[in-house]
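Me: Could you take me on a close look at the largest pocket in this one? I'd like to know what lines it and how it sits relative to the rest of the fold.

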Amino acid sequence: MIIDALTTAVNNKFYPAAIRKMLANIIDSEPYNLPVGHYQVQGKQMFFNVVEGETKLLADQKPEFHRQYLDIHLVLEGREVIGAGVLGLPLPLSEPFNEAHDLGFSPAIPGETLIHLQPGELTVIFPGELHRPMSTCTTPAVLRKIVAKIDGTLLT
């Protein structure tokens, strides 16, 4: 996992080129002015969605993970808490893995760490890393964010 700010992450030479490319595309798109929707960067290998919703209490969110894509969660408006942790592979499933959506759910995140994000801050979650996005530890509130997806094969 990586925790950073958009303005510094885009130029971090230690990050894989695919991550820097995605962040540069997001910046070039003027993310704070983008309407809710789906945006292509490199076909199905790199894309992002601008989403709006309401956070939920952390305890009400199921731990999830992906096998193919890494996520970049970038807060545009509001505040987000993401529960995160690494359990180790293979991950136990609480329901069948959804291959079409590259989405699996696990029963818990042992040793969970809370990532607190404000506007302009992001976290990168790699395939196999458990996380609970769109969460809060207090009162649910409106959240506007970008969820970017990068195919893990672009990292090698």
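Reply: The protein has 2 helices and 12 strands, where helices (H or I, at least four residues) and strands (E, at least two) are DSSP runs numbered from the N terminus. From the N terminus on, the order is β-α-α-β-β-β-β-β-β-β-β-β-β-β. The radius of gyration, taken over C-alpha atoms, is 15 Å, close to the 15 Å from the globule rule (2.2 Å times the number of residues to the power 0.38) for 156 residues, so the protein is as compact as a globular protein of that length.

Bear in mind that this is a predicted model, with local features needing pLDDT of at least 70 and side-chain atom pairs pLDDT 80 or more, while totals for chains, interfaces and linings use all residues. Residues are numbered from 1 along each chain as its sequence is written, and side-chain values use heavy atoms, leaving out hydrogens and water.

Now the pocket. On a 1 Å grid over the protein atoms alone, a pocket is an open set of points where a 1.4 Å probe fits, with protein on both sides within 12 Å along at least five of seven lines. The largest one has a volume of about 370 Å³, volume being the space filled by probe spheres set on points joined across faces, edges and corners. Its lining (residues with an atom within 4 Å of a point) counts 20 residues, and Asn49, His66, His101, Val147 and Lys149 are the closest to the centre.

Who builds the wall? β3 (46–54), β6 (69–77), β11 (130–136) and β12 (142–151) each put in at least two residues, and β3 has the largest share, with 5. By class, you get 7 nonpolar, 6 polar and 7 charged residues; here Ala, Val, Leu, Ile, Met, Phe, Trp, Tyr, Cys and Pro are nonpolar, Asp, Glu, Lys and Arg charged, and the others, Gly among them, polar.

Some of those strands also feed the largest nonpolar core, meaning buried Ala, Val, Leu, Ile, Met, Phe, Trp, Tyr and Cys joined through side-chain atoms within 4.5 Å, with buried as under 20% relative accessible area (1.4 Å probe, protein chains only). Of its 25 residues, Met22, Phe48 and Ile72 touch the most other members. β3, β6 and β12 are among the elements giving two or more residues, though α2 gives the most, 5. Leaving out residues up to four places away in sequence, Phe48 touches residues including Met22, Ile146 and Val147, a contact being heavy atoms within 4.5 Å.

Definitions and conventions
Buried < 20%, exposed > 50% of the residue type's maximum accessible area, 1.4 Å probe, protein only.
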